[in-house]
Amino acid sequence: STATRSSLKIGLIPADGIGKEVIPAAQKAIEALGSDIPKPEFVPLLAGFEYFTRHGEALPEETVSALKECDCALFGAVSSPSRRVTGYSSPIVALRKILDLYANIRPVISVAANPADKPDVDLVVVRENTECLYVKQETITTTENGREARATRLITERASRRIGKMAFELALDRPRKHVTIIHKSNVLSITDGLFRETVRAVPQLPEVNGRFDGITIAEQLVDSAVYRLFREPQIYDVMVAPNLYGDIISDAAAALVGSLGLVPSINAGDDFVMGEPVHGSAPDIAGQGIANPIASIRSAALMLRRLGYAKGADRLDKAVDEVIREGRVLTPDLGGHAKTTEVLDEILKRI
Ligand code: ATP
Ligand code: MG
C-alpha cells in the first residue's frame with residue numbers, strides 16, 4: 001500500500017444497531033485529522049439485516065461495486081437473527097469472501113494509568129478469516145437414533161500460509177517479535193496439524209528470505225491458551241489462530257481490557273482493508289445514544305495505519321488513550337454516564 005494518494009475514498013457501511021451510532025463517530029474522528037491524511041471522501045453504503053428485512057437482500061450489488069472503487073472501508077455491525085431466516089446470510093461474511101479479506105487482525109491493549117508504564121495486555125490476535133468451520137457446510141439427517149448434524153471444517157495450506165505470513169509480518173513491527181500458534185492438534189491432528197505445521201514453516205519459506213529469523217515462535221493448545229490468557233496475558237504478543245479459535249480468543253481477550261466497546265479490528269487482504277469494531281450490533285443498547293465509539297475510532301486508526309498513514313493513526317489512538325486514562329467522560333460499558341457524542345467530543349478535542 002502506498003501513502004501517496006491525493007484523496008482517500010472510504011466506504012462507510014454502518015449496517016445495523018449501534019453500527020449506525022459508532023460509524024458516524026469514526027467518520028468525524030477521521031475528518032478531524034486534516035492534512036495528516038489525504039482528503040477523505042466518504043461513500044455511504046447500505047447492507048445489513050435491517051436492509052434485508054425491507055429489500056430481501058442483505059448486501060446489495062451496488063454496495064459491492066461501490067466498495068471495489070474505494071481505497072478502504074469501515075463496517076459497523078450486523079444483527080444476527082436469533083433463528084435461521086430463509087434467504088439471509090451475513091453481509092460481513094460475504095464481504096470478507098468477495099474482497100478476499102483473509103486476515104482479521106484484532107489488537108487488544110490495556111491502557112496503563114501512567115502513560116510511561118507498559119500496558120498489562122498488549123497482544124494482537126491474527127485470525128484466519130475465510131475457512132475453518134466458518135465455511136458453513138452443515139448438514140442434518142435423521143437416523144434411527146434421532147437427528148444427526150455434521151459440519152465440515154476446511155483448513156488449507158494456502159490459507160494457513162498466508163495468515164502465517166501476515167502474523168510474522170506483524171510481529172516484525174512489534175518490540176517483542178513473538179508469535180504463538182494456537183491449535184488443537186493433539187485431537188484434530190489432520191486439520192489443526194496442517195495449520196500448525198504450515199504456520200511453523202513460514203520463516204523457512206524461500207520467498208521470505210530469512211526476514212523472520214529474529215522472531216521467536218511458541219505454540220499452545222487453544223484451551224490452555226485461553227486459561228493462560230486470563231492468568232498471564234503478558235506472555236502473548238502475536239497470537240495466530242484458525243477462524244473459530246481466533247474468534248473466541250479475541251472476544252475473551254476483549255474481556256481482559258474492560259469492554260467489547262474498546263476493541264477494534266481490521267479485515268485485511270492484499271488489496272483492501274476494512275475496519276470493523278469487534279463488537280456486534282448490541283441490540284440491548286441500540287438507539288439509546290450510549291454506545292462506546294472507541295472500538296470504531298480505533299478501527300479507523302488501524303485501517304489508516306495499514307494504508308501507511310501512521311501519523312494520523314497515532315493521533316487517533318493517542319486521543320482515545322487520553323480520554324480513557326482521564327476516566328472523566330466514559331460511556332456506561334466502562335462505568336461512566338456519558339453519551340456516544342460526549343465521548344466523541346472529548347476525543348475530537350484531543351485530536
Ligand atoms: P450481535 O448478535 O449483533 O453480536 P450481541 O447481542 O451479541 O449482538 P454484542 O454487540 O456482541 O451484542 O455485545 C455484547 C454485549 O456488549 C452487549 O451487552 C452490548 O451492549 C455490549 N457492547 C458491545 N459493544 C458495545 C459498545 N460499543 N458500547 C457499549 N456496549 C457495547
Ligand atoms: Mg455478539
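In the predicted model, ligand 1 is surrounded by 19 residues, of which G261, H279, G280, S281 and N292 come nearest. Sorted by class, this shell comprises 9 nonpolar, 8 polar and 2 charged residues.

The strands include an open sheet of 10 members, arranged in the order β2-β1-β3-β12-β11-β4-β5-β10-β8-β9 and with mixed pairing. The edges are occupied by β2 (39-44) and β9 (216-221); each has a single partner strand, so one side of each is left without a neighbour in the sheet. On average, and with direction ignored, neighbouring strands of this sheet are turned by 25° against each other. Within the sheet, strand β3 (residues 72-77) and strand β12 (residues 273-275) run parallel and are joined by 2 bridges. L74 has G275 in β12 as its bridge partner. Helix α1 (residues 19-31) lies across β1 (7-15), β2 and β3, and runs at about 150° to β3.

A separate pairing involves strand β6 and strand β7 (residues 146-151), which associate in the antiparallel sense over 6 bridges. The two strands form a hairpin, with 2 residues between them. Across this pairing, T142 stands opposite R147 in β7. The surroundings of β6 (residues 138-143) were also examined: of its 6 residues, the number buried is 0, so the strand lies largely in the open.

Two residues were considered for their backbone conformation. Most residues other than glycine have a negative phi. A15, although not a glycine, has a positive phi of about 60°, and N209, likewise not a glycine, has a positive phi of about 55°. A15 is found in strand β1, whereas N209 lies in the loop between α6 (191-200) and β9. Their surroundings were assessed from the number of C-beta neighbours. A residue is classed as buried if 20 or more other C-beta atoms lie within 10 Å of its own, and as exposed if there are 12 or fewer. A15 has 28 C-beta neighbours inside 10 Å and therefore counts as buried. N209 has 8 C-beta neighbours inside 10 Å, so N209 counts as exposed.

Technical notes
Residues are numbered from 1 along each chain as its sequence is written. Chains are lettered from A and ligands numbered from 1 in the order in which they are written. This is a predicted model: local features need pLDDT of at least 70, side-chain atom pairs count only at pLDDT 80 or more; totals for chains, interfaces and linings use all residues. A residue is near a molecule or strand if its C-beta atom, placed from the backbone, lies within 6 Å of it. Ala, Val, Leu, Ile, Met, Phe, Trp, Tyr, Cys and Pro count as nonpolar, Asp, Glu, Lys and Arg as charged, and the others, Gly among them, as polar. Helices (H or I, at least four residues) and strands (E, at least two) are DSSP runs, numbered from the N terminus. Two strands pair if DSSP finds at least two bridges between them. Axes are lines fitted to C-alpha atoms, for helices over the stretch in contact, and angles run from 0 to 180 degrees between N-to-C directions. Two residues are in contact if their C-beta atoms, placed from the backbone, lie within 7 Å.
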